[in-house]
Amino acid sequence: LTIQAAKGGKKISPDLFGLFFEDINYSADGGLYAELVQNRSFEYNPTERREWNPYSFWEYITPGFSYGKISVETSSPIHPNNPHYMVLDIEHVGHEANTPGLSGVGIKNSGFSGMVVKAGDKYNFSMFARQLSKEPIELNISLQTPKGKVLAETKISTSTDSWNKYTASLTPTESNDTVSLVVLATTKGKLAMDVISLFPEKTFKNRPNGLRADLAQLLADMKPRFIRFPGGCLSHGDGLENMYRWKNTIGPIEQRKEQRNIWGYHQTTGLGYFEYFQFCEDIGAKPLPVLPAAVSCQNSGGTWRVGGTGQKAIPMDEMQDYIQEVLDLIEWANAPATSTWGAKRAAAGHPAPFNLQYVGIGNEDKITPEFEERFKIIFNAVKAKHPEITVVGTVGPSPDGEDFTKGWKLADDLKVPVVDEHYYTDPNWFISHQNRYDSYKRNATEVYLGEYASWGNKMRNAISEAAYMTALERNGDVVRMASYAPLLAKKDFTQWKTDMIFFDNTRINPTPNYYVQKMFSANQGDYYFDNVIQKDEKDANLAASCVQDSKTGDIILKMVNFGSESKPMKINLKGLGNVSSKAEQNVLTGDAEAENTLENPQVVVPIKSIVKIKKAFDYSAPAMSLTVIRIKTK
Ligand code: AHR
């Protein structure tokens, strides 16, 4: 752009602000993943925190003086990855006089603390069943309120003694937030059932096996340049038995492997690698899968964990297979549909490549000899076979710990293109460390600030992060990417206190931190100008940045005031060519202690207006505020 040449400045990363998604705080099952049934495949098992089992969240029901029994069995399952299923033995269906409603033997599921349905919307029911007795079994499928009022119902008749998928559509007559799904056999016999599922038809972009539309839209609105998934610590698990292995999370949902989650609950992997890549594509974000470096979280692997074997790392003699697993992901994502793994992507409905550019190896690992040995061979193998892929390494959990130093040394030695730094700390740290990256070596390993947040969701937290983000833009020639963490948190099911978006089954609460992230993320540039905004340089509470987006030509000003009084700033757009005389301005300001809640999510929201722009103008940055002004160039 001629403007840039005239004004000086520097190119910065076009992928700077993105999202960190981890299945923590019920972010996936019960959260972003729109499945309404909990424990749909009877694969729940105990965790350290919960006494779950394959029957959890299912209630056995026998309305109308009926009787029989249920059992969970494992012989001849649909797929070895999905070993448990429910058997319904219907011994007697009562037809006694004076029994209102249907008689039968069945099971009932109320989802994640009640299913939310809307009158007139369609809900897609599906289940796998296998007749264990000769005669077909008649099933009544319904949505019921806690008092037993039927809001929608349909009938299914089984037809075979092999596993078969049955589908039906339910349209409730009333809206209700506490609905249960009832599967009731109304004829005698024996039936095996598995993967009993109910999805709203209206998922994000109406994708089958899709995402909760309101939550996904909130993320899409941020226009993130990338999404990192599936964690966090979830990526490498707390032992080999629950390390996240991507191949277990693609293909038909009935063939995926469910497991205990490192955060003490359960993951169906219904939101798996295919869905993550699909969502990235749907919202124009680059996928950043983070694969384990074959070592579990912080070198853990305790036998005290449920199912824990004490094994911390993949044995060296199995590493060739593991390296192949990493290489296969790149083939699955990028190779033509005619390749072995590309064909699996095509079979899932995506013949075109996903254009994977980044692969993370390891998450916040302890930099032990076991880690180094494994990371090195994975990294070298990816580099040799796929020089087009940018590998993102890791440097431990703290900005100044021992792992950080060791991790950076390893990255320097191996010339790892990018490494992932993490820090959660006090808002004042963010204010006083705005120069952190000014002194980082250029033309060397770049930084992915993969997890950061100040401890809290009040305005002062959000604005301290905003100040820091202007410094990330200023250092966008060495900081390639950054993502706030964690992203989502379900009320009453959180393991991490400070999060970007809180939600329950019906409501969403974007925090002030969300709005800061959104204002930066939706207003990114790829060129940085350092001499456009003048402010009092001695006042650490003030921060500002100016970037240009080469696609639109727009100039974007960001001004931050972490102080308790409004402060003047001077903007000089001379040398930036012809700019429009009007611009869109968004201001987020409020009391330092202000925060949004589920009950009152609008305490602090950005206020949008159209303002007049001159070549040079003064701006008074309100106390505790972030202002973004987006100016069109002509
Ligand atoms: O974001 C929550 C957790 O914080 C992540 O799982 C982990 O990487 C970090 O310790």
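Trainee: In this predicted model, which residue of E30 stands opposite Gln 534?
Mentor: Start with the strands. Strand E30 covers residues 567-572 and pairs with E27 in the antiparallel sense, over two bridges. Gln 534 belongs to strand E27, which spans 533-534. Across from Gln 534 in E30 stands Lys 570.

Trainee: What is the strand order of the open sheet of three strands?
Mentor: Work from the edges. Strands E27 (533-534) and E33 (616-621) each pair on one side only, as edge strands. The pairing is antiparallel, and the order is E27-E30-E33.

Trainee: Which strands are at the edges of the sheet with the order E4-E5-E13-E8-E11?
Mentor: This open sheet has five strands with antiparallel pairing. Its twist averages 30° from one strand to the next. An edge strand pairs on one side only, and here the edges are E4 (67-73) and E11 (164-170).

Trainee: How many bridges join E8 to E11?
Mentor: Strand E8 takes in residues 123-131, and it runs antiparallel to E11. One facing pair is Phe 128 opposite Lys 165 in E11. The number of bridges joining E8 to E11 is seven.

Trainee: Are H5 and H6 parallel or oblique to each other?
Mentor: Two packed helices are described by the angle between their axes and the distance between the axes. The axes of H5 (residues 319-334) and H6 (residues 340-347) come within 7 Å and cross at roughly 50°. Angles under 35 degrees count as roughly parallel, and those from 65 to 115 as roughly perpendicular. The crossing angle therefore makes H5, relative to H6, oblique.

Trainee: How many charged residues are in the contact of H5 with H6?
Mentor: H5 brings Asp 328, Glu 331 and Trp 332, while H6 brings Trp 341, Gly 342, Lys 344 and Arg 345. Two of the contact residues are nonpolar and one is polar; the charged ones number four.

Trainee: How do H10 and H11 pack: what is the angle, and what is the distance between their axes?
Mentor: H10 covers residues 459-474 and H11 covers 512-521. The two helices are roughly parallel, because angles under 35 degrees count that way. H10 passes H11 in a right-handed crossing. The angle is about 20°, and the axes are apart by 8 Å.

Trainee: How many nonpolar residues make up the contact of H10 with H11?
Mentor: H10 supplies Met 459, Asn 461, Ala 462, Glu 465, Ala 466 and Met 469, and H11 supplies Pro 512, Asn 513, Tyr 515, Val 516 and Phe 520. Two of these contact residues are polar and one is charged; the nonpolar ones number eight.

Trainee: Which residues come nearest the ligand?
Mentor: The shell around the ligand divides into six nonpolar, four polar and three charged residues. Of the 13 residues there, the nearest are Gly 232, Cys 233, Glu 364, Ala 485 and Pro 486.

Trainee: Where is Pro 486, and what is omega for the peptide bond from Ala 485 to Pro 486?
Mentor: Pro 486 is in the loop between strand E22 (479-484) and strand E23 (488-490). Most peptide bonds are trans. The bond from Ala 485 to Pro 486 is cis, with omega near -20°.

Trainee: Which peptide bond has omega near 20°?
Mentor: Look at the loop between strand E14 (226-229) and helix H3 (233-236), which holds Gly 232. The bond is cis, and it runs from Gly 231 to Gly 232.

Notes: Residues are numbered from 1 along each chain as its sequence is written. This is a predicted model: local features need pLDDT of at least 70, side-chain atom pairs count only at pLDDT 80 or more; totals for chains, interfaces and linings use all residues. Two strands pair if DSSP finds at least two bridges between them. Helices (H or I, at least four residues) and strands (E, at least two) are DSSP runs, numbered from the N terminus. A residue is near a molecule or strand if its C-beta atom, placed from the backbone, lies within 6 Å of it. Ala, Val, Leu, Ile, Met, Phe, Trp, Tyr, Cys and Pro count as nonpolar, Asp, Glu, Lys and Arg as charged, and the others, Gly among them, as polar. Axes are lines fitted to C-alpha atoms, for helices over the stretch in contact, and angles run from 0 to 180 degrees between N-to-C directions. Angles under 35 degrees count as roughly parallel, over 145 as roughly antiparallel, 65 to 115 as roughly perpendicular and the rest as oblique. Two residues are in contact if their C-beta atoms, placed from the backbone, lie within 7 Å. A crossing is left-handed if the near helix is turned anticlockwise from the far one by less than a right angle, and right-handed if clockwise.
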